[in-house]
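Visitor: I would like to go through this structure with you. Could you begin with a single residue and work outwards?

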Amino acid sequence: MDQEREQELLERVKRGELKLINPKYDFIFKDLFGNENNIEEVSAFLKSILDIPAEEYGQITFLPTATRKRRKDEKQGIVDIRLKTKMGKIVNIEVQVLDRIGFEKRVLFYNAKMMTGQISAGEDYSKINKTISIIITTDFEILKDVNAKNYWHTFHFCDKNKGVVFSDLQEIHTIELRKAPNPLEVMKEQPWVAFFKAQEGEEFMAIAEQSVELKKTVVKLAELSEEEWRQVEAEYEEKVRRDKVAREEFERLERENWERDKQQAEQRKREIEEAEQKSEQRKREIEEAEQKIKLDQQEFEQNQQKFEQAKLILAKKLLHVVDPKTIADTIGLPVELIEKLKTE
């Protein structure tokens, strides 16, 4: 593309006449980086991410995006871009807009498939070359419990306590755009992250002005964005994304409401059970109190009977020395009863 054409495209973007399609959509991402015409762009991107010798980029071969299957019932992995470097390293580059259940396991599965697909039965394991996955997420975070400032992580198989690397044959990079600073700020440390973070034409123009390397990619994006069918496809992708985000948000709220209702029901159940336990305890306390009153009443009646008997015995003894009226007044028994005791 000549300079005049490049300038024309950039001016149209600057004036707002040409809306750039989000480069994170699968079909645009593949058009920008996924074929032999984009070797320069994909090499520049990889150099900004990977720590591998420069000669590795001397010969980049694009591979089928579907991983190898050995059986009909074997699960197949399909990635955005898969390529091989000069020394045989296999690189998977994938942009993921929306979260998926088990996404981390999916990343590990695809990386493992790239490794196992390198040899067939009977072949020597020494033929296996390093596999690298570069995962760019846009609308969700893979590492939800990790410091939000760390948007870029590199993973290897290593001893988590001592940091000793077991093998460097597998490498996974995660770039979480939601955690990255705004494009102009992140541009200082990682221009390619700024490119994928950008949303508006002004941001892409600022990136193009600061980086000759990225200017070519912005121009290529502008050229792709000119085609009407791609704009229609982008609108459809955006609608699908928004619908899924809305659906997931609705499902999340439903889960939260269900969980809240469940917690409230469980709390109410506990309160009822506690109230029933208190009621049973109170009932037992009342029954025990009634039983004690009954026993005390029986004891009182028994003691009253013994007291009355004792008074009769005393009255009989006093009759030999004291007259009946005096005994009755002193002990508290009727005179008639004292008189009757005298005749017995």
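Guide: L10 sits in helix α1, residues 3-14; helices (H or I, at least four residues) and strands (E, at least two) are DSSP runs numbered from the N terminus. This is a predicted model, in which local features need pLDDT of at least 70 and side-chain atom pairs count only at pLDDT 80 or more, while totals for chains, interfaces and linings use all residues. Residues are numbered from 1 along each chain as its sequence is written, and side-chain values use heavy atoms, with hydrogens and water left out.

Visitor: Is L10 buried or exposed?

Guide: L10 is buried, because its relative accessible area is 6%. Buried means under 20% relative accessible area, exposed means over 50%, and partly exposed lies in between (1.4 Å probe, protein chains only).

Visitor: And what separates L10 from Q96?

Guide: Their C-alpha atoms are 28 Å apart, with the two positions 86 residues apart along the chain.

Visitor: Turning to charges, how many salt bridges are there?

Guide: The search of the whole structure finds 18 salt bridges. The criterion is a side-chain nitrogen of Lys or Arg within 4 Å of a carboxyl oxygen of Asp or Glu.

Visitor: Which residue does K89 pair with?

Guide: K89 forms a salt bridge with E56, at 2.5 Å from N to O. The pair links distant parts of the chain, 33 residues apart: K89 is in the loop between β2 and β3 (90-96), and E56 is in the loop between α3 (39-49) and β1. Both residues are buried.

Visitor: What about E227?

Guide: E227 has a salt bridge to R230, with the closest N and O atoms 2.6 Å apart. R230 is buried because its relative accessible area is 9%, whereas E227, at 36%, is partly exposed.

Visitor: Where do E271 and R268 lie?

Guide: Both lie in helix α9, three residues apart, which is about one turn of the helix. Their side chains meet in a salt bridge of 3.6 Å, N to O. E271 has 35% relative accessibility and therefore counts as partly exposed. Elsewhere, salt bridges that share partners join R5, E8, R12 and E226 into one network.

Visitor: Staying with α9, which residues gather in the patch of negative charge?

Guide: The surface patch consists of E273, E274, E276, E280, E287, E288 and E290. Patch residues have over 30% relative accessible area and no salt bridge; like charges are joined within 9 Å, and nonpolar side chains (Val, Leu, Ile, Met, Phe, Trp, Tyr) within 5 Å. Of these glutamates, E280 lies in helix α9, residues 228-318, and is partly exposed because its relative accessibility is 41%.

Visitor: How far is Q302 from Q277?

Guide: Their C-alpha atoms are separated by 37 Å, at 25 residues apart along the chain. Q302 is also found in α9, and its relative accessible area of 46% makes it partly exposed.

Visitor: Next, α10. Which of its residues are buried?

Guide: In α10, residues 324-331, the buried residues are P324, I327, A328 and I331. Seen down the helix axis, they fall within an arc of 100° (taken from the directions from the axis to the C-beta atoms), so they line one face of α10. The face turned away from that buried side carries the exposed residues K325, D329 and T330.

Visitor: Lastly, where is P64?

Guide: P64 is in the loop between β1 (61-63) and β2 (81-84). With a relative accessible area of 54%, P64 is exposed. The C-alpha atoms of P64 and R82 are 6.6 Å apart, although the residues are 18 apart along the chain.

Technical notes: Areas by Shrake-Rupley, 256 points an atom, 1.4 Å probe, with all protein chains shown as cover. Lys, Arg positive; Asp, Glu negative; His and termini not counted. Charge placed at Lys NZ, Arg CZ, Asp CG, Glu CD.
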